[in-house]
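Me: I would like to go through a structure by question and answer. Please keep the replies short.

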Amino acid sequence: MTTDTPTDVFEEHRPVLMGVAYRMLGRVADAEDVVQEAWLRWSAADRAEVREPRAYLVRVTTRLAIDRLRQVKARGEAYVGPWLPEPYATDFGDTVPDTAERAVLADSVSLAVLVVLESLSPVERAVFVLREAFGYPHADIAAMLDRSEPAVRQLAGRARKHVDEGRPRYEVDPAQRRELTERFLAAAAEGDLAGLMEMLAPDVRLIGDSGGKSKAPLRILETADNVGRFLVAVAGKGIPEMSFRFLELNGGPAVLILSGDTPDSVFQVDVSDGRIRSVYIVRNPDKLRSLASA
């Protein structure tokens with residue numbers, strides 16, 4: 001006989017529900033709204049009829065996220081400049097002790113993957129997230145989405161192929177990424193163009209997300225020369241009362257730049273063959289609010 005309350009059960013599964021909702025939506029506030037709505041559904045449900053609370057809650061959360069994603073796409077929201085997901089703090093800690101599982105979870109929440117997921121349909125995205133990030137069998141996903149198992153297998157294969165074709169392959173060695181991130185930050189802060197050029201791959205890309213609400217490139221910058229010179233120019237302008245701290249965001253090391261106590265920007269890099277292949281800069285203030293207390 002269990003003495004767990006409905007709140008206890010829900011809180012036990014909240015991290016998984018948030019993980020599903022964020023991967024579906026790429027927005028922390030939207031994911032939190034979906035998880036809150038899932039709680040309302042759970043609190044009102046006849047729990048005597050629920051055999052597996054986790055499966056029930058994941059199903060409800062996934063369907064709510066699909067509906068939210070359809071609403072966003074239907075509105076056809078115009079975004080100024082390149083779009084990046086909202087940075088999401090991911091400290092798996094002792095909850096995911098297995099190294100291979102940690103790598104899968106980190107990859108599935110990476111900026112590179114989430115950008116590609118934006119081009120999938122809501123149902124394709126749901127199938128990909130449930131299958132690739134959380135390892136649900138096709139039959140379970142079919143039950144969650146009211147689809148046949150063959151249809152889910154087809155959706156999973158199509159989504160997997162699309163993601164593999166759309167994202168570059170990067171190394172996921174956290175120590176190397178952290179070391180290169182530290183060197184990158186130091187060189188950029190000092191305006192050391194030569195130092196930056198040593199770290200940047202010739203075909204490096206810089207993606208800056210400001211949403212038109214702060215200064216950032218309105219197009220993707222390419223080549224080491226263009227990216228290096230841009231970073232040196234930015235460093236020369238400075239940020240009032242600047243400080244920084246390292247965080248784990250979207251499964252990898254990142255740098256949060258602050259102006260006083262206010263988050264100014266987030267930097268993250270992807271690495272391959274010992275060189276920086278992608279630089280991500282998020283400066284949209286709406287996407288940095290959740291990091292104010294990080």
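The questions below take up two loop residues and one strand of this predicted model.

Me: Where is R167 found?
Reply: Two helices frame this position. They are α8 (149–166) and α9 (174–189). R167 is found in the loop between α8 and α9.

Me: Is R167 buried or exposed?
Reply: Buried means under 20% relative accessible area. R167 has 9% relative accessibility, so R167 counts as buried.

Me: With which side chain does the side chain of R167 make a polar contact?
Reply: Setting aside residues up to four places away in sequence, R167 touches A112, V113, V116 and R160, among others. The polar contact is between side chains, at 2.7 Å. The partner is D107.

Me: Is N250 buried or exposed?
Reply: N250 lies in the loop between β3 (242–249) and β4 (252–259). Leaving aside neighbours within four places in sequence, its contacts include Y22, E86, Y88, L111 and Q268. The cut-off for buried is under 20%. At 3% relative accessibility, N250 counts as buried.

Me: How many of the 10 residues of strand β1 are buried?
Reply: Strand β1 covers residues 200–209. It is largely enclosed by the rest of the structure, because the buried residues number seven.

Me: Which strand pairs with β1 in the parallel sense?
Reply: β1 is joined to β2 (residues 221–222) by two bridges, but these strands run antiparallel. There, R205 has E222 as its bridge partner. The parallel pairing has six bridges, and L200 is partnered there by I276. The strand is β6.

Conventions
Residues numbered from 1 in each chain as written. Predicted model: local features only at pLDDT ≥ 70, side-chain atom pairs only at ≥ 80, totals over all residues. Heavy atoms only, no water. Helix = DSSP H or I, 4+ residues; strand = E, 2+ residues; numbered from the N terminus. Buried < 20%, exposed > 50% of the residue type's maximum accessible area, 1.4 Å probe, protein only. Polar contact = N/O pair within 3.5 Å; in protein donor to acceptor, adjacent residues only side chain to side chain. Contact = heavy atoms within 4.5 Å. Pairing = 2+ DSSP bridges.
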